[in-house]
Amino acid sequence: MTTERKAIVNIEGRDPVEFPIMTPTHGNDCIDIRTLGAKTGLFTYDSGYLSTASCRSKITFIDGDKGELLYRGYPIEQLAESCNFLEVAYLLWNGELPTPAEKAGFEKNIKNHTMVHEQLVKFYQGFRRDAHPMAILVGVVGALSAFYHEAEDFSDLEHQNISFNRIVAKLPTIVAMAYKYHVGEPFMYPRNDLDYTANFMHMMFGNPCEEYKPNPVLVRALDTIFTLHADHEQNASTSTVRLSGSSGANPYACISAGIACLWGPAHGGANEACLQMLEEIHDVSRVAEYIARAKDKNDSFKLMGFGHRVYKNFDPRATLMRTVCNEVLQELGLENDRLFKLAMELERIALEDNYFIEKKLYPNVDFYSGIVQKALGIPTTMFTCIFALARTVGWMTQWEEMINDPEYKIGRPRQLYVGAARRDVIPADQR
């Protein structure tokens, strides 16, 4: 990264002011405006942070125009095809892919932390039986800080590693318990003879009456979903985790804040919204009607699962998820599934219709992942929990990078105040 070039800001009636231009490994150059307020008395206004870099990061890079997603420099499609989720988790946390010995050691460490404290199990009983699983997840993950006080001292690198291993290991258990509580079934404890994703499926779908035997095709499909959602640069929930962590909050509280942000339908709830849309359309015969509604500016209907705020041509994760979708449906004999046929017809029209082509509204990862999860037997209320389980790896990595950055300080965005001007309070009897 270099800062040799300068950007010159000309403000009427003042001398020009220079600011360094920072050049990254990939992506747009950035003007370093940290001294803007001190030099000019002015701030910048950037609603939604569309043109503002809030941090330096070595973790994930997205090129929306090229449809490229890199974890530590590796293309997501190569990682999804060649590595399992825990290898990707190791990569994100440590910066490099593990050797066979490092992989074995990391998997052993994760398995040592899969159990949750028995008192934590009682937390679930405090929720209404019809509570949304995400509501349960926000509360239970935040409560982890009440059990692991050493997490408060995260200046210690060993404690940072333990916190990472602990929360990555426990999220499958916590998520599966939220599901079991939601449907009124007994909790299933982890099995350390199974790998990470197979163990999660055992806790989700197993029961005490018989042994659960994971299907390798379905395990691989869910593992791929985890990999594709492990991190995604400085999105809303990741920014929330970083902002929470900037105050010195413990990592469990920060992850709970990220889960709360992820719950929004514009973020982690997008695949749930996509499946709800398919259910609303219901049948292939009604596709033309809903496509017309999607084009009508005066109609409130929105076509979910198409287009992306970052990817301007195609979502690289969608290509992988489409393949996974086909594999899962073939394995389960669901090639003629009503929703899948409906989804394929929507996809065909979107790829051929000039309206969608001009607006670059291509199918994104949420379009396919919802169908895959439904085929696996995961209810729509659990979709965002699955997302949170995977994204916790990225959140923890981003949190660790931030707190070890010598430049990090508590986040304090500025504002453009447009409220009432200063005024005096009128006595009550004169109002």
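Student: How do strand 2 (residues 17-22) and strand 3 pair, and over how many bridges?

Tutor: They pair in the antiparallel sense, over two bridges. Strands are DSSP runs of E with at least two residues, while helices are runs of H or I with at least four, both numbered from the N terminus. Two strands count as paired if DSSP finds at least two bridges between them. Here, Met22 stands opposite Cys30 in strand 3. One heads-up: this is a predicted model, where local features need pLDDT of at least 70, side-chain atom pairs count only at pLDDT 80 or more, and totals for chains, interfaces and linings use all residues. Residues are numbered from 1 along each chain as its sequence is written, and side-chain values use heavy atoms, leaving out hydrogens and water.

Student: Which strands sit at the edges of that sheet?

Tutor: The open sheet has three strands in the order 1-2-3, paired antiparallel. Its edge strands are strand 1 (6-9) and strand 3 (30-31), each pairing on one side only.

Student: What lies between strand 4 and strand 5?

Tutor: Four residues, in a hairpin whose turn includes Gly67, with a positive phi of about 70°. Four bridges join strand 4 (residues 60-63) to strand 5 (residues 68-71), and Thr60 stands opposite Tyr71. Tyr71 also faces Tyr74 in strand 6. Strand 5 and strand 6 form a hairpin too, with two residues between them; Arg72 in that turn has a positive phi of about 50°.

Student: Now helices. Where is the kink in helix 7?

Tutor: At Lys170, shortly before the proline Pro172, and the bend is about 35°. A bend is the angle between axes fitted to the seven residues ending at a residue and the seven starting there. At the start of helix 7, a side-chain oxygen of Asp156 comes within 2.7 Å of the backbone nitrogen of Glu158. Just after the helix comes Gly184, with a positive phi near 80°.

Student: Why is helix 7 described as largely enclosed?

Tutor: Because 20 of its 27 residues are buried, meaning under 20% relative accessible area (over 50% is exposed, in between is partly exposed; 1.4 Å probe, protein chains only).

Student: Is Thr397 buried or exposed?

Tutor: Thr397 is in helix 18, and its 0% relative accessibility means it counts as buried. Neighbours within four places in sequence aside, Thr397 is in contact (heavy atoms within 4.5 Å) with Ile59, Arg72, Leu92, Trp93 and Phe164. So you meet Arg72, from the strand 5 and strand 6 turn, again among the contacts of Thr397.

Terms used: Polar contact = N/O pair within 3.5 Å; in protein donor to acceptor, adjacent residues only side chain to side chain.
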